[in-house]
Amino acid sequence: MNNSLISVVIPVYNYPEAFRKTLESVANQTYRDFEVHVVDDGSEEDIESVVKEISDERIRYHKLAHKNANVARNYGVVQSKGEYIAMLDSDDIWLEDHLEKCLELLKEKNADGLYGSLIINNVITNRKSITYVCEPDKDEVMINYLLLRGYGAQSSTLFMSAESAKKVIWDPGLNRHQDYDFVVRYCKEYKMAAKETPTVIYNLRPKSHCDFESCIRFIKRVESEINPEVYHYYHKNMLELAKRINAAPEIIKHYRNELTYHRELMSFKDFIQIKRPSSKLQFLKLKMQYIWHILRVRAAY
């Protein structure tokens, strides 16, 4: 095992102080046979000086023009020379035995890749909680598993054979749901196992912005695989997020429409509260739509 080189890929964009703690957590790993590819996604702040301060010859620094984290991830994966690849976001932290435990479990499970549990650190309240992962149920497809659990396959927990990681590239067109997209496609080609013991600290920060267009594109791509209950649950959460951060009216309208797509899962009262008819005539039209939909669904069963 100690002869296996692990390549660590860290995309980074600004926030050098947070990145310093991330890089230190890699340098302090109990497993020592690794290389690190720090891929700077066109930062305006000085990231290279942090790499120089750590002063570890295993760390390689690459600077690209600013695009997004997935472009940086793909570049780092291509540069990797290891037998295995571990992904890490630039503001997350690994416990010191993360690489050691990942390599042991990957071999034990005879899997191509791992996703793992998380220690979630709320940076505002400084409170920590743990989100545990598990294997999907027998007939549960990965997208349903991920959308139900939220942090089901966060990128800093991903550990894979280099062969598989280099074949399933990260979608450079997505700025959100990047890890969901990667893991869904990965699991269609390779065996991925759950690492239940958490060795990753995910620093949760309040969101003031969300690339909803990326979210919508991703969901449209996989919507045929999503069961109705999960589809409804996901869009309810996204509508709440969109309203909380004052998203554009067309985004809120989109999530209102998608939330009522499976209206058989809603009471008529909830359906009307979301549709918000502006007149009595519109109310009556919506009522007829609701009744017709329910009858059609019942007839199908």
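In the next few minutes I will go through the two largest pockets of this structure, which is a predicted model.

Let me begin with the largest pocket, whose volume comes to about 2000 Å³. It is lined by 50 residues, and of these the closest to the centre of the pocket are N175, R176, Y202, K207 and H209. If you would like to follow along on the structure, the elements that give two or more residues to this lining are the strands β1 (6–12) and β11 (200–204), together with the helices α3 (69–79), α5 (142–149), α7 (178–187) and α9 (228–244). Which of these elements supplies the largest share of the lining? That is α9, from which seven residues come. As for the kinds of residue involved, the lining of the largest pocket has 21 that are nonpolar, 15 that are polar and 14 that are charged.

Now to the second largest pocket, which has a volume of about 160 Å³. Here I can name the lining in full: P249, I252, K253, R256, N257, I274, K275, R276, Q282 and L286. Three helices, namely α10 (249–259), α11 (268–275) and α12 (280–300), each supply at least two residues of that lining, and the largest share, five residues, comes from α10. Sorted by class, the lining of the second largest pocket has four nonpolar residues, four charged residues and two polar ones.

To put the two side by side before we look at the model together, α9 gives the largest share of the lining in the largest pocket, whereas in the second largest pocket that part is taken by α10.

Note on methods: Residues numbered from 1 in each chain as written. Predicted model: local features only at pLDDT ≥ 70, side-chain atom pairs only at ≥ 80, totals over all residues. Heavy atoms only, no water. 1 Å grid on protein atoms, 1.4 Å probe; cavity = no way out; pocket = protein on both sides within 12 Å on 5 of 7 lines; lining within 4 Å. Points joined across faces, edges and corners; volume = space filled by probe spheres on them. Helix = DSSP H or I, 4+ residues; strand = E, 2+ residues; numbered from the N terminus. Nonpolar A, V, L, I, M, F, W, Y, C, P; charged D, E, K, R; others polar.
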